[in-house]
Amino acid sequence: MVDFEIRPNRKPMPEAERRAAVDTAAFGQVFTDHMITLRWDEERGWHDGRVEAFQPISLLPSASVFHYGQEIFEGMKAYRHAGGSIALFRPERNASRFNASARRMAMPEIPRETFVRAVELLVRQDREWVPDGEGNSLYLRPMMIATQPTLGFTLPSNSYLFCVFASPVSGPFNGRTGPSALSVWLSEEYSRASPGGTGAAKTGGNYAAAFLAQRNAVKNGCDQVVWLDAVEHTWVEEMGGMNLCFVQGAGDSQTLMTPALTGTLLPGVTRNSLLQLAERLGLGCEEGRISVDQWRKQCETGNITEVFACGTAAVIAPIGQVRGANGGWTIGDGRPGPVTMRLREALIGIQYGRIPDEFGWVHTVC
């Protein structure tokens, strides 16, 4: 078991200032008083665990992360329930995905219990930063970077820093969390990931490579970019950094279909949760594939009635319009559909403790 020394911040943000910051915080703009740090090297393994003041990280310009991109991260949230208790949502799942990313990026794995304990310690230390109210949460960002201070690209780094920090949030997409449907742009020029690449790892390079396509989406009047496969530019994969789900059929035969995990898609925790939840709510579930032409035609025939993206930040983001170089189309009536909203309300209800957790997903911290 890794030990963590607790070094409280000697200058925490004053209560009144903290309350104001929490009430007005945009996503990722304000950070709590503390962070977790833990180091690894080949001789000692994981060591020097600390809960300490949120502060800059000092690295030499020659550190491996700056030159070879050995970096991974996770996104997860802490929720304040009625009565004041605070809970995490499926943290062990984030720990497993973090280690899968580490294996792909040739980085050391962190014991799952150590990962979860680190997150718990930060939440307990900064519990006053967890905001009240549904839709509000404390966003947690575990990460690991390569710190070897010498250049050399034939082998991975021999030292690493694991860190967890947190930010209070009130909602993604500049507050567009619920009733508004997004418009998306089909990226037919750029690719997010290729077979055998790092698409299934949550690593910074994937996101850096996405910025140009996202800028192109905004230029064309859309909120987000939809990625297609890198080989044929035909098969639909993800929206931005989120998984996609399609509601097909009608009545008792409705099915929730999501692109299969082929190694180029991120295995989302929210995606996995929704597949289980959809089955419990009586929907058929399928992991398959869908082309752009099939998406358009099935919307025209009414076989696809709703589409949404899902991920930790937004939970569920409905999609109403699709655009691309060859035109566009509307999904259903262009507004969030009933299945989308039913799934969203059920998942959020579990996360915030309003609905009984039949799956054992809620992890109470304090």
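Here is a short tour of two helix pairs and two nonpolar cores, in a predicted model.

Residues are numbered from 1 along each chain as its sequence is written. Local features need pLDDT of at least 70 and side-chain atom pairs pLDDT 80 or more, while totals for chains, interfaces and linings use all residues.

**Stop one: H3 and H4.** Select residues 91–104 for helix H3 and 112–125 for helix H4; helices here are DSSP runs of H or I, at least four residues. They pack at about 125°, axes 9 Å apart, with axes fitted to C-alpha atoms over the stretch in contact and angles running from 0 to 180 degrees between N-to-C directions. That makes H3 oblique to H4 (outside under 35, 65 to 115 and over 145 degrees). Now show Phe98 in H3, one of the residues that meet Arg112, Phe115 and Val116 in H4; contact means heavy atoms within 4.5 Å.

**Stop two: the cores.** Keep Phe115 selected and add Leu140 and Phe162: of the 40 residues in the largest nonpolar core, these touch the most other members. Such a core joins buried Ala, Val, Leu, Ile, Met, Phe, Trp, Tyr and Cys residues through side-chain atoms within 4.5 Å, buried being under 20% relative accessible area with a 1.4 Å probe, protein chains only. H4 gives the largest share, seven residues. Next, a second, separate core of 24 residues includes Leu186, Met239, Met242 and Ala317.

**Stop three: H7 and H9.** Select residues 269–280 (H7) and 338–351 (H9), which pack at about 110° with axes 11 Å apart. That makes H7 roughly perpendicular to H9. Among the residues that meet are Leu274 and Leu277 in H7, and Leu343 and Leu347 in H9.

Methods. Side-chain values use heavy atoms; hydrogens and water are left out. Helices (H or I, at least four residues) and strands (E, at least two) are DSSP runs, numbered from the N terminus. Buried means under 20% relative accessible area, exposed over 50%, partly exposed in between (1.4 Å probe, protein chains only).
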